[in-house]
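I sat down with this one to look up how the protein meets its DNA, and how far to trust the chain ends. Notes below, in the order I went.

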Protein chains: 2
Amino acid sequence: MEENGYTHQQPDLDIIFGALADPTRRAILSRLATGQASVNELAAPFQMSQPAVSRHLKVLEKAGLIQREVDEQRRPARLRADNMALAVNWLDEFRAFWGTSFDRLDDVLVDLQSKPTEEQNHE
Amino acid sequence: MEENGYTHQQPDLDIIFGALADPTRRAILSRLATGQASVNELAAPFQMSQPAVSRHLKVLEKAGLIQREVDEQRRPARLRADNMALAVNWLDEFRAFWGTSFDRLDDVLVDLQSKPTEEQNHE
DNA sequence: AATTTATATAACCTTTTTGTTATGGAAGAA
DNA sequence: TTCTTCCATAACAAAAAGGTTATATAAATT
């Protein structure tokens, strides 16, 4: 079980962060934050093929970031955000490093919001 | 410039989440949260070769998650957490989905802390 | 000057990721 | 029933990731 001195593995985080590392998948998640959507709807904005999007959805599903449903012929996806909290929770350990009370993180966030990107303002 | 209907790319997040998707690199970051360390010190807990660790460090550096320094022959790494805030900031957009005021996220976090893992409690 | 220590880089291999096209199946429409 | 729509899966190729060993380099030590 033990594989090194200071940590065990947490495979969920591999899968979750891995899923978040792709711009298409992040865009899909952003889209789903506005409500569920069918595969074709999700695929439309991309120049990618439909099977490619289907596989991205499978990656997101394995990461527990979405869940699939059934609506006649459609298999709409809907957000399932619990596992994103897992990611946030891991990042959270670094708040102690950033400062006792979020100060530095807050600074950075304020800074980011003053020059927002399109991706951040997806809605 | 425009590549699809609802988002632009944010390559930083690809790199950052990609860097966080590997358990060795997360363990290195956790170690660095307790203070700077040389390459050999970082490599010691793993059964991996030193060149492999050097490459993990390069990935982390490219992601802006660490910075390298010079101490005689050593090239110690130190945490540079600003870009982790970028990741948190992106995830932040889903707090609206979780609930108006963090409620659901808080629930999940409380839940996680009641059954913590080794990796979460690295210090 | 020669050796040792700390680290980086090169060359290579294997596995995983990410896309493609082709095809199949299930459900609704005609 | 036949056609169309929506989606998944298979087979394939290219590129990226992650490891290895061998070697180079720079600084400290002897």
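**Strand D first**

I started at a phosphate: one of the phosphate oxygens of DNA strand D sits 3.2 Å from a side-chain N or O atom of B:R25. Worth writing down straight away that I am looking at a predicted model.

Chain A reaches the phosphates of this strand too. I get 2.5 Å between a phosphate oxygen of DNA strand D and a side-chain N or O atom of A:S54, and 2.9 Å for the corresponding pair with the side chain of A:K58. Next I checked which elements give two or more residues to the surface near DNA strand D: they are α3 (39-43) and α4 (50-62) of chain A, plus α4 (50-62) of chain B.

Then the whole surroundings. I count 22 residues around DNA strand D, with A:N40, A:S54, B:S49, B:R55 and B:H56 the closest. Of the strand's atoms within 4 Å of the protein, sugar and phosphate make up 63%. I also sorted the nearby residues by class and got 5 nonpolar, 9 polar and 8 charged.

**Strand C**

Which residues come closest to DNA strand C? I find A:S49, A:R55, A:H56, B:S54 and B:K58, out of 21 that surround the strand. Their classes come out as 5 nonpolar, 8 polar and 8 charged for the whole surface near DNA strand C.

For phosphate contacts I noted three from chain B. The side chain of B:K58 has an N or O atom 2.7 Å from a phosphate oxygen of DNA strand C. The other two go through backbone N or O atoms: B:N40 at 2.9 Å and B:R75 at 3.3 Å.

Elements supplying at least two residues each here are α4 of chain A, and α3 (39-43) and α4 of chain B. Sugar or phosphate accounts for 58% of the atoms of DNA strand C within 4 Å of the protein, and bases for the rest.

**Core**

Away from the DNA, I looked up the largest nonpolar core, which has 62 residues. A:L29 and B:L29 have the most contacts inside it. I followed B:L29 outward: leaving aside residues up to four places away in sequence, B:L29 touches A:W90 and A:F94 from chain A, and B:L20, B:L60, B:L65, B:I66, B:L79 and B:M84 from chain B.

**Confidence**

Last, the scores. Chain A has an average pLDDT of 80, and 70% of its residues score at least 70. Residues 1-7 of chain A stay under 50, with 17 contacts beyond four places in sequence in the model. Residues 100-109 of chain A are also below 50, and there I find 11 contacts beyond near neighbours in sequence.

Methods: Residues are numbered from 1 along each chain as its sequence is written. Chains are lettered from A and ligands numbered from 1 in the order in which they are written. Side-chain values use heavy atoms; hydrogens and water are left out. A nonpolar core is a set of buried Ala, Val, Leu, Ile, Met, Phe, Trp, Tyr and Cys residues joined through side-chain atoms within 4.5 Å. Buried means under 20% relative accessible area, exposed over 50%, partly exposed in between (1.4 Å probe, protein chains only). Contact means heavy atoms within 4.5 Å. pLDDT is the predictor's confidence in each residue, from 0 to 100. A residue is near a molecule or strand if one of its heavy atoms lies within 4 Å of it. A polar contact is a pair of N or O atoms within 3.5 Å; within protein, one must be able to donate a hydrogen and the other to accept it, and residues adjacent in sequence count only if both atoms are side-chain atoms. Helices (H or I, at least four residues) and strands (E, at least two) are DSSP runs, numbered from the N terminus. Ala, Val, Leu, Ile, Met, Phe, Trp, Tyr, Cys and Pro count as nonpolar, Asp, Glu, Lys and Arg as charged, and the others, Gly among them, as polar.
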